[in-house]
Amino acid sequence: MTATTTWPPRPAAPAEWDALVADLRVKLSAESRLAREEPLASRTTLRVGGAARVLAEPAGVADLQAVLRLATSREVPVFILGRGSNLLVPDEGVEGIVVALTHENWAAFTPREDGRVWVGAGLRLKTLCGLAAKAGLQGFEFLEGIPGSVGGALRMNAGAMGGWMFDLVDKMLVISLAGELATLPRAALRVEYRHCGELDAAVALGALLRPAARIEAEAIGRQIDVYRRKRHETQPREPSAGCMFKNPSGTSAGRLIDECGLKGERIGGAQVSPVHANFIVNLGGATAADVIALVRRVRYRVRDLRGVDLQPEVLFFGRRWEDVL
Ligand SMILES: Cc1cc2nc3c(=O)[nH]c(=O)nc-3n(C[C@H](O)[C@H](O)[C@H](O)COP(=O)(O)OP(=O)(O)OC[C@H]3O[C@@H](n4cnc5c(N)ncnc54)[C@H](O)[C@@H]3O)c2cc1C
């Protein structure tokens, strides 16, 4: 997501970013965090890439509004970071303000009497899955093992084991880059495979979720165990960003990549996982450049041998894949 692309000039002088942070600091409460040149690799599951020119961790809506409004008025790009489990951060870092909803205020899990539950965008999917199971709320089990946040799952319409995030959503609360809040009913949302159009230029703050049914907590626990075992058997343990490519219609990207003999293919510290061909793993010390080079090689080979144009599912954070592929 980006407010605009006209500021800062590349590369912007460090002093310009320092001045921006100083201007922001006086607008935010003491609970909010601001940092310059914050390393992002450790905030992602793939563990590669550089720093954010500015990282903002607002403690509440008013502080988030202040960040977004200042960024919009100065035409500074804004990028939202969830748990970084679907991102490749460029080696040169991210030219903009990276906003992360890491403060505990964003991690609500509030069941309602009618069975629905309000969840904050910063809530971990694993926590959501566990709390829903404990409360006997069925329908969240597929989220087990997706290492993201509610906000990231909404943006990506995360899915697994036949379930999709937006199967659960009744309403979503968003804030625009201009700082305007809006509650959007499910019917108003443009949702597709790994995408929610409303979040291209807005931040999800939370959602009202509707469980499939209320049942015994033990039965939900058993289903979660089945899914957990399945993931354990089919997915690599090394750092990754999950599936690198979207599944083309009618087939799986992993199968195509495997059939092209690419399992185990390696560039630098990045490898096409021998366990699951649609995962690119970091064997240790991988750079974003290694991952990009491997993504390119996989795409060329699959296009060459099978005539299929694979599209990345993992997002190139703060940049566009078109510029490097
Ligand atoms: C081992 C592994 C297994 C995985 N398995 C699955 C799977 O089974 N199914 C699946 O769908 N995915 C899977 N993923 C990918 C990933 O976990 C999901 O896409 C997840 O929903 C991303 O959430 P996140 O919080 O990490 O988002 P991030 O990776 O931080 O961000 C992803 C996108 O969401 C945007 N975003 C984040 N928060 C917000 C917000 N509050 N408002 C607006 N936009 C926001 C970001 O700007 C970015 O565009 C897997 C990843 C790994 C590493």
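Student: How far is an oxygen atom of the ligand from a polar backbone atom of Ala-153?

Tutor: This is a predicted model. A polar contact needs a pair of N or O atoms within 3.5 Å. The pair formed by a ligand oxygen and a polar backbone atom of Ala-153 is separated by 3.3 Å.

Student: How much of the ligand's accessible area does the protein cover?

Tutor: Take the ligand on its own first. Its accessible area is then 960 Å². Of that area, the protein covers 93%.

Student: Which residue offers a polar side-chain atom 2.8 Å from an oxygen atom of the ligand?

Tutor: Separate backbone from side chain. Arg-83 uses a polar backbone atom, 2.9 Å from a ligand oxygen. The side-chain partner at 2.8 Å is Arg-231.

Student: Which element gives the largest share of the shell around the ligand?

Tutor: Start with the elements that give two or more residues: β3, α4, β9, β15 and β17. The largest share is five residues. They come from the element spanning 150–156, namely α4.

Student: How many residues of the shell around the ligand are charged?

Tutor: There are 33 residues around the ligand, and Ile-80, Gly-82, Ser-85, Ser-149 and Gly-159 come nearest. By class, 16 are nonpolar and 13 are polar. The charged residues number four.

Student: What area is buried between domain 1 and domain 3?

Tutor: Domain 1 covers 14–104 and domain 3 covers 236–323. Their C-alpha centres are 28 Å apart. Contact involves 18 residues of domain 1 and 20 of domain 3. Carbon and sulfur atoms give 65% of the buried area, which is about 1500 Å².

Student: Which residues of domain 1 lose the most area to domain 3?

Tutor: Look at the domain 1 side alone. Three residues together make up 41% of what that side buries. They are Leu-46, Asn-86 and Leu-88.

Definitions and conventions. Residues are numbered from 1 along each chain as its sequence is written. This is a predicted model: local features need pLDDT of at least 70, side-chain atom pairs count only at pLDDT 80 or more; totals for chains, interfaces and linings use all residues. Side-chain values use heavy atoms; hydrogens and water are left out. A residue is near a molecule or strand if one of its heavy atoms lies within 4 Å of it. A polar contact is a pair of N or O atoms within 3.5 Å; within protein, one must be able to donate a hydrogen and the other to accept it, and residues adjacent in sequence count only if both atoms are side-chain atoms. Accessible areas come from the Shrake-Rupley method with a 1.4 Å probe; for residues, only the protein chains shown count as cover. Helices (H or I, at least four residues) and strands (E, at least two) are DSSP runs, numbered from the N terminus. Ala, Val, Leu, Ile, Met, Phe, Trp, Tyr, Cys and Pro count as nonpolar, Asp, Glu, Lys and Arg as charged, and the others, Gly among them, as polar. Domain bounds come from an automatic or database domain assignment. Contact means heavy atoms within 4.5 Å. Buried area is the accessible area (1.4 Å probe) that two parts lose on being put together, summed over both.
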